[in-house]
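Here is a short tour of a protein model, best read with the structure open beside it. Take a moment to look it over before we walk through its strands and helices together.

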Number of protein chains: 2
Amino acid sequence: MNSTRDIEALIDVMARLPGLGPRSARRAVLHLIRKRALLMQPLADLMGQVALTARECLNCGNVGTTEICDICTSAKRANGQICVVEDVADLWAMERGHAFKGRYHVLGGTLSALDQVGPEQLRIPRLIDRVSEEAISEVILALNATVDGQTTAHYIADQLEGRVTLSSLAQGVPIGGELDYLDDGTIAAALNARKTF
Amino acid sequence: MNSTRDIEALIDVMARLPGLGPRSARRAVLHLIRKRALLMQPLADLMGQVALTARECLNCGNVGTTEICDICTSAKRANGQICVVEDVADLWAMERGHAFKGRYHVLGGTLSALDQVGPEQLRIPRLIDRVSEEAISEVILALNATVDGQTTAHYIADQLEGRVTLSSLAQGVPIGGELDYLDDGTIAAALNARKTF
């Protein structure tokens, strides 16, 4: 069908987004076409705008629309703490927690010999530079509790040993979590890290 | 965060698409930002293009980029058959089946007294006009097997009684379907409509 070529191309591209497949992309595109003035045109404009302006912060790797992101430029966030995360999604998750008041360092992945990801690819030298440049007193390693994440955390801890306080997120029972549904490792970790009243 | 306002607005709009929520919209937007040259810019351009050009066919209600859609303008599809469907998604599903060679009529919903949807809102008068204008011999009612769909099918059948052959899709066991997983109604319908060898 000739006159629907653009619509089919749009469905194909939408189907490449994570979380969408061919069927849900068709559904989303039909929904967009039905609301083309109210939803589709604003979405297209916003997406074009972000595609032009989005960039990674040269200091920490966060995503924003300026060379240095808001968190790195904010004097309020210069409290001597850096929280090291794997990914921008993890940074956003930490920000939603509203508990951390310092700055971030986004690695963009984990060390992996198989995929040839070394410290250079993960901005680890930049992290070490930042520790002295920004007078950092504590580095919080908020890496995922996976084998790769923990390997990377140990590597960074080795590099910074003796220069700053190193910490990692506490492991234990999640808020609202039921013991019956937790894995054995989490229960053991929570018991070992138990707190006295 | 000021410099990420566009990114947050984009996530909010993406989260309004069917099949996406706030979490999957964040994931999709991060994926798009990572591939902004290869994926995000083309997607934004295509979406803007479709938002400008997409329209409903004045004859059948199909979605396309011209006033009268390809199927309605194609002489090959003028075989005297019209397939009546509820929605453009159903038309696309029929087209994927590659079995129907005639034209379509998209109602855009089903009759519903509660929602004040009458025949006028569903292009039913236009369907009745088309039957004489396009020398239609058979109308296939491919409406969903729901109460509303079947009510609408009966209403259209009443209107066209005696003027054309009326038919509906066969009901039975889906290809690859296992009896054990089928509902009782489908098994009963398949048994009643059994074919002799």
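Let us begin with one strand of this predicted model. In β4(A), A:Arg103 and A:His105 point one way while A:Tyr104 and A:Val106 point the other way, and all of these residues are buried. That pattern fits a general rule: in a regular strand the side chains alternate between the two faces of the sheet.

Which strand does β4(A) pair with? β3(A) and β4(A) pair in the parallel sense, and four bridges link them. Within this pairing, A:Ile82 stands opposite A:Arg103 in β4(A).

**The sheet in chain A**

Stepping back, we can place these strands in an open sheet of four, with the order β4-β3-β5-β6 in chain A and parallel pairing. The edges are taken by β4 (103-106) and β6 (165-168) of chain A, each of which has a single partner strand, so one side of each is left without a neighbour in the sheet. From one strand to the next, the twist averages 25°.

On from β4(A), strand β3 (residues 81-85) of chain A is also joined to strand β5 (residues 138-141) of chain A, again running parallel, by four bridges. Here A:Gln81 has A:Glu138 in β5(A) as its bridge partner.

Which helices pack on the sheet? Helix α6 (residues 124-133) of chain A does, touching β3, β4 and β5 of chain A. Helix α7 (residues 147-160) of chain A packs on the sheet too, where it touches β3, β5 and β6 of chain A.

**The sheet in chain B**

Chain B also has an open sheet of four strands, in the order β4-β3-β5-β6 and with parallel pairing. Its edge strands are β4 (103-106) and β6 (165-168) of chain B; each has a single partner strand, so one side of each lacks a neighbour in the sheet. The twist here averages 25° from one strand to the next.

Strands β3 (residues 81-85) and β5 (residues 138-141) of chain B pair in the parallel sense over four bridges, and B:Glu138 in β5(B) is the bridge partner of B:Gln81. The helices that pack on the two sheets are set out below.

| Helix | Strands touched | Angle between directions |
|---|---|---|
| α6 (124-133), chain A | β3, β4 and β5 of chain A | about 160° with β4(A) |
| α7 (147-160), chain A | β3, β5 and β6 of chain A | about 170° with β5(A) |
| α6 (124-133), chain B | β3, β4 and β5 of chain B | about 160° with β4(B) |
| α7 (147-160), chain B | β3, β5 and β6 of chain B | about 170° with β5(B) |

**Helix α1 of chain A**

Now to another part of chain A. Helix α1 (residues 5-14) of chain A has the buried residues A:Ile7, A:Leu10, A:Ile11, A:Val13 and A:Met14. Because they cover an arc of only 165° around the axis, they lie on the same side of α1(A). The face turned away from that buried side carries the exposed residues A:Arg5 and A:Asp12.

What covers the buried residues of α1(A)? The cover includes α2 (22-34) and α3 (36-53) of chain A, together with α3 (36-53), β2 (63-64) and α5 (88-96) of chain B.

**Domains and annotation**

The domain assignment divides chain A into domain 1 (5-53) and domain 2 (76-168). Taken over C-alpha atoms, the centres of these two domains of chain A are separated by 35 Å. From UniProt, in an unreviewed entry, comes the feature "domain: Toprim" at residues 80-174 of chain A. That span is 35% helix and 18% strand, and its end C-alpha atoms lie 28 Å apart.

Definitions and conventions
Residues numbered from 1 in each chain as written. Chains lettered and ligands numbered in written order. Predicted model: local features only at pLDDT ≥ 70, side-chain atom pairs only at ≥ 80, totals over all residues. Heavy atoms only, no water. Domains from an automatic or database assignment. UniProt positions renumbered as here; feature names shortened; annotations may be inferred. Buried < 20%, exposed > 50% of the residue type's maximum accessible area, 1.4 Å probe, protein only. Arc of directions from axis to C-beta. Contact = heavy atoms within 4.5 Å. Pairing = 2+ DSSP bridges. Axes fitted to C-alpha atoms, helices over the stretch in contact; angles between N-to-C directions.
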